Amino acid sequence: MLHLWLIPAFPLAGFLANGLVGRRASKAAVNLIAIGSVVLSLLWVLKTLAALGPLEHTHIERYFTWFQSGDLRVGFDLAVDRLTAVMLLVVTSVGLLIHIYAIGYMSHEGGYYRFFAYFNLFMFFMLLLVMAANFLLMFVGWEGVGLCSYLLIGFYFLRHSATTAGNKAFIVNRIGDYGFTLAVFLIFLGFGSLDFETVFAAAAGRPVETSAGALTLIGLLLLAGAAGKSAQIPLYVWLPDAMEGPTPVSALIHAATMVTAGVYMIARCAPLYTRAPLALDVVALVGLATAVLAAIIGLAQTDIKKVFAYSTVSQLGYMFLGLGSGAYSAGIFHLVTHAFFKALLFLGAGSVIHALSGEQDLRRMGGLRKHTPVTFVTILCAAVAIAGVPPFSGFHSKDAILLAAHHHAPWMYWAGVATAGLTAFYVFRAVFLAFFGTYRGPHHPHESPAVMTLPLAALALLSLAGGYFNVPRWLEPMFPPAEGAHDALLVYISVAAAAAGISLAWLMYVARPGLADRLAGRLGWLYRLVYNKFFVDEIYDRALVRPCVEGSSAVLWRGVDAGLIDGAVNQVGMKARDAGSVLRLIQSGSIRSYAAWVLWGSVLALAALVLSRGAR
Amino acid sequence: MILLNLCLALPAAAFLLLLLVPRSRPGWSRWSALAASLVIFAVSLALLAEFDGSNGGFQLETNIPWISAPSIRYHVGVDGMSLWLVLLTTFLTPVAVLISWRHIAARVKEFYAFLLLLELGLIGVFVALDLFLFYVFWEVSLVPMYFLIGIWGHERRIYAAVKFFLYTMAGSVLMLAAMIYLYNLAGTFDYGLLMADLVSGRMQLGARQESLLFLAFFVAFAIKVPLVPFHTWLPDAHVEAPTAGSVILASVMLKMGCYGLIRFCLPLFPTASRGNAPWIVLLAIVGIIYGALVAMVQPNMKKLVAYSSVSHLGFVVLGVFSFTQLGLDGAVYQMLNHGISTGALFMLVGYMYERRHSLEISAYGGVATPAPMLASVFMITSLASLGLPSLNNFVGEFLVLQGAAQANFTWAVFAAIGVILSACYLLWLYQRTFLGEASDEVKSHMFDLVPREWAATLPMIVLMVWMGVAAQTFLPSIGAANARILDRMQQGVVMDVKNTMPARGTEVARAR
Amino acid sequence: MTGVPLSWFLILSAVLFSLGVAGFLIRRSVLTVFMSIELMLNAVNLSFVAFSYQLKQVNGHLFTFFVMVVAAAEAALGLAIILAVFRNRGTLQVDEVNSMKN
């Protein structure tokens with residue numbers, strides 16, 4: 001026993017401590033509990049991994065039965081294999097850095113203890129998610145991180161837009177989870193168990209499905225869950241709105257860790273997907289479509305966090321493309337590097353926002369490289385990493401995905417390259433708009449404190465050098481190695497696309513500052529379409545939300561419930577009363593009329609008697 | 001054995017004693033009701049020690065004659081299902097006493113007396129093993145609830161109380177007729193003897209006979225559950241009832257219907273149950289989705305929670321009529337879960353009503369600012385109710401849906417939509433009541449939980465987590481009891497083959 | 001009594017009873033109504049006695065005594081009520097004593 005349970009238990013303890021007594025505790029105590037629990041968790045991860053060594057086999061620890069009924073037994077079982085090891089390291093290390101950063105960022109905010117309690121709770125659920133050894137325990141983590149996401153998006157609960165965004169995130173995720181749960185039902189029906197070990201071993205014995213079968217259906221339903229959590233088409237709409245939360249939340253939950261849960265889950269279910277190539281194709285298509293669409297929307301956003309949010313959606317699409325091309329390890333590799341550079345981008349953006357007292361609009365920034373030099377340099381590191389400039393981290397992982405995509409279907413490679421160009425363009429557009437030119441806002445920018453810049457520096461280092469963690473090699477025993485030779489030409493093309501994107505951004509926003517506006521004016525309707533995110537939110541609202549609410553109110557409630565059913569019931573009551581009021585007339589209260597009734601009754605009875613006698 | 005009889009005798013004694021407390025001392029009635037209900041709870045907890053969870057049959061039985069002709073017996077006992085329902089009742093009664101402490105200011109003595117009489121009726125329903133005794137307790141529970149709504153309710157209380165009474169009576173009359181018919185056939189009201197006769201084939205029901213008997217029982221229970229379209233008494237009753245009435249009504253009374261389905265409909269009429277399952281499941285699924293959608297658009301908090309009950313209990317019926325171990329276990333567990341989490345929701349809404357004197361959602365907004373603890377507790381309860389894994393409802397819902405999927409995957413596909421919708425209406429409710437800027441009225445009226453309210457709330461919260469994480473405390477005994485019922489269902493199918501239609505009204509001579 | 005057939009008694013009884021019913025239904029004075037009731041009772045008594053004699057059984061006599069006792073009690077109570085009503089309302093017309101109605 002290595003006491004794996006301690007890894008999630010530390011943050012849970014931190015949550016309980018801060019949640020129960022944090023309100024009366026000092027900030028220092030809250031910090032100590034929150035950061036300390038994550039540090040302990042990280043240390044325990046390191047200790048565990050050191051003890052487990054090369055992890056040739058999955059290490060499983062079974063604690064207790066959560067519930068059992070009939071043939072179904074769901075245990076509280078935790079497991080560590082190579083994939084989990086990667087996730088554990090990313091979650092705890094990036095999580096720790098963002099926790100530290102948040103001390104500085106949140107220092108002036110109300111509800112300080114609440115923030116850190118939620119943060120620790122998130123860590124608990126996230127660690128549970130990646131360590132779970134069966135589908136249902138994973139689902140606990142899965143829904144739990146969604147809950148924390150909801151709580152933290154709506155952290156500023158006085159703001160209506162924030163709480164609405166929280167609801168949207170939770171409900172859209174629930175729609176995805178609907179698919180997830182149906183998949184779980186099918187898995188139990190098909191395999192008689194929910195343990196990863198049993199299910200995957202059984203799946204390995206099945207033939208590859210050439211047409212849509214049970215495994216394909218399971219794969220597609222799981223994809224629905226993944227699309228909800230990882231913000232893929234058609235369920236990506238919640239993530240941009242989720243930027244209502246404090247920036248460390250965007251960095252930790254909506255960039256580095258939670259949103260990659262879908263990627264992790266699909267990689268985890270690789271034994272199922274490998275035997276359901278149709279489902280895998282859909283994964284790739286969804287990923288690619290999301291990558292392209294989100295990158296295009298990202299081009300025209302003016303809120304710095306929204307730019308990065310769409311960038312996240314797009315990069316997650318990339319990961320799905322990698323998974324869908326059969327290169328699971330490449331997808332996970334990109335997950336890791338993305339965690340570094342996207343967390344850094346968000347934290348950098350947070351540092352800028354902090355410097356400008358809450359300003360998020362790129363149009364009111366500019367020239368910040370003189371005021372916030374550390375932030376500028378670190379963001380630049382992240383930008384070159386995400387743009388895919390060699391030899392920084394994004395280059396390695398993106399390359400792995402693009403090569404796999406080329407092997408899978410060449411057109412996907414080209415679409416991916418185009419997206420890479422767009423990515424480079426919009427990231428550098430944001431960087432140039434914020435840090436170059438002259439300052440266009442009313443505030444007095446100031447550099448953030450060391451507690452914020454040190455995590456930035458650490459993440460910058462990881463963003464630059466993260467590509468040298470050879471994740472695909474480490475994961476090789478788990479996933480079939482990505483096929484296809486390393487084609488140098490393909491690499492040059494993608495680097496050229498990135499270079500073109502950066503140059504174009506430079507041209508439009510630094511060399512010729514007016515060019516962008518003129519272009520936007522020239523392409524009026526197209527620009528408006530992109531700026532308004534293709535009106536997807538509005539379409540969903542008109543097509544789904546409003547009919548649902550208004551239909552329920554007008555038809556179901558007032559029509560069917562109050563009108564039809566209750567109306568019928570009240571009618572029955574009314575008719576009974578009416579009948580009673582007619583019969584009441586007999587009860588005149590006059591003895592004489594009663595006597596007359598008695599007389600007529602007895603006469604009738606006698607007559608009947610006599611007549612029946614006579615008939616016989 | 002003596003303990004189970006105490007569980008019936010103590011509420012009756014407490015009811016009588018409470019009538020002796022002087023009317024001028026409402027405090028005495030409160031404290032004595034609390035003490036009595038706590039003692040009853042303690043006694044019922046002691047049942048656990050005597051109960052063998054691995055045994056699926058009836059235990060702690062008492063079986064003595066009550067009336068010789070017609071042969072009616074005082075036959076009580078519990079199995080792994082009814083035990084937990086008894087505990088749910090005894091647990092919630094002190095809670096109901098606590099939450100009425102300030103809320104009920106008029107006719108205090110009578111209120112608590114009725115509450116204890118209600119407890120007697122409810123416990124009786126769950127432990128009675130004689131059909132007639134069951135019917136007596138069924139009606140006994142009806143009367144105090146009628147008065148709780150009719151006397152201590154809100155503006156339209158008379159309408160709601162009469163509607164509640166008539167609806168339930170309409171069903172229970174049919175049930176009584178069916179019971180008497182069964183008595184004429186078998187010469188006994190005793191559940192065990194009836195079952196033995198049916199299983200051994202000594203008493204055989206023709207298909208048409210069985211179907212009609214099943215329907216008579218089913219309608220009585222379906223109204224109580226309530227299953228769409230028999231549900232319209234529920235929102236009115238809940239809205240008009242005092243908080244404690246709502247809590248007991250939602251948490252325990254609705255379970256009488258679910259309990260009856262499992263205890264009587266399935267094992268007594270297995271063939272008819274199977275035959276009628278398709279449309280019943282259809283109603284259950286319609287109820288799940290319909291209840292959720294209608295809940296979503298309610299402007300009144302209590303109505304919202306009431307319609308959410310319709311939705312949640314649809315899951316129970318779905319689980320029952322999936323005829324799978326998972327479905328039945330989930331259904332019974334969901335009965336308990338719903339008792340805790342929806343009971344807690346009604347309780348919290350009651351707290352809010354006591355402060356702001358309104359049930360309209362629009363009267364609130366921003367309550368989290370003046371009452372953060374109330375907001376946290378409400379959040380946890382909502383999360384439990386919407387089925388967040390690691391809280392109680394999830395286990396029940398999952399088992400029900402998995403069981404339904406085993407029976408027919410399409411059922412699960414449609415029923416699971418309810419899980420999405422529950423998030424919609426609860427989170428939307430939470431946003432509109434607790435989040436946002438607080439108006440001046442809200443700020444001046446709303447204050448945080450007081451110790452007495454904590455005393456009622458905290459055990460519920462603990463149970464939500466406990467039942468969500470340590471479901472194995474409850475499930476083995478529930479599973480053992482359900483396994484018996486499923487066995488019986490299987491026998492019913494086998495028996496069909498050699499079933500011959502006896503002449504109508506044949507009396508089976510009984511040795512006994 | 002020999003030679004008088006049973007049917008004569010029954011016809012007389014029926015005539016008396018019909019008179020009683022008619023009186024009960026038509027007359028308005030409480031006192032007359034009351035007397036009509038007595039007439040009906042006695043008509044029934046007559047048929048009881050006649051049957052008793054015809055069938056050589058004592059049951060009819062027994063019933064007659066019962067009826068007479070009830071009639072006596074009724075007369076006592078009824079007259080007391082009638083007196084009370086007259087004192088309170090100043091009238092003995094049945095149609096006018098209707099304050100309980102509605």
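In this predicted model, contacts in chain A mostly link stretches that sit far apart in the sequence: residues 24 or more positions apart make up 82% of its contacts with a separation of 6 or more. Chain A is built from 26 helices and just 2 strands. Its C-alpha atoms fill a box of roughly 120 × 60 × 55 Å along the principal axes, and 55% of its 616 residues count as buried.

Now for the inside. The largest nonpolar core takes in 432 residues, and those touching the most other members are Ala343(A), Leu344(A), Leu116(B), Phe217(B) and Leu318(B). Helix α4 of chain A, residues 112-131, supplies the largest share of this core, with 18 residues. A second core, separate from that one, has 8 residues, among them Phe24(C), Phe34(C), Met40(C) and Leu41(C). Back in chain A, Leu344(A) shows what such a spot looks like: beyond its neighbours within four places in sequence, it is in contact with Thr378(A), Cys381(A), Ala382(A), Leu456(A), Leu459(A), Ala460(A) and Ser463(A).

Then there is the place where chains A and B meet. Chain A brings 37 residues to this contact and chain B brings 38. On the side of chain A, the elements giving two or more residues are β1 (59-69), α5 (135-153), α6 (160-191) and α25 (536-583). Of these, α6(A) gives the most, with 13 residues. Sorted by class, the side of chain A that touches chain B has 21 nonpolar residues, 12 polar ones and 4 charged ones.

Note on methods. Residues are numbered from 1 along each chain as its sequence is written. Chains are lettered from A and ligands numbered from 1 in the order in which they are written. This is a predicted model: local features need pLDDT of at least 70, side-chain atom pairs count only at pLDDT 80 or more; totals for chains, interfaces and linings use all residues. A nonpolar core is a set of buried Ala, Val, Leu, Ile, Met, Phe, Trp, Tyr and Cys residues joined through C-beta atoms within 7 Å. A residue is buried if 20 or more other C-beta atoms lie within 10 Å of its own, exposed if 12 or fewer, and partly exposed in between; C-beta atoms are placed from the backbone. Helices (H or I, at least four residues) and strands (E, at least two) are DSSP runs, numbered from the N terminus. Two residues are in contact if their C-beta atoms, placed from the backbone, lie within 7 Å. Ala, Val, Leu, Ile, Met, Phe, Trp, Tyr, Cys and Pro count as nonpolar, Asp, Glu, Lys and Arg as charged, and the others, Gly among them, as polar.
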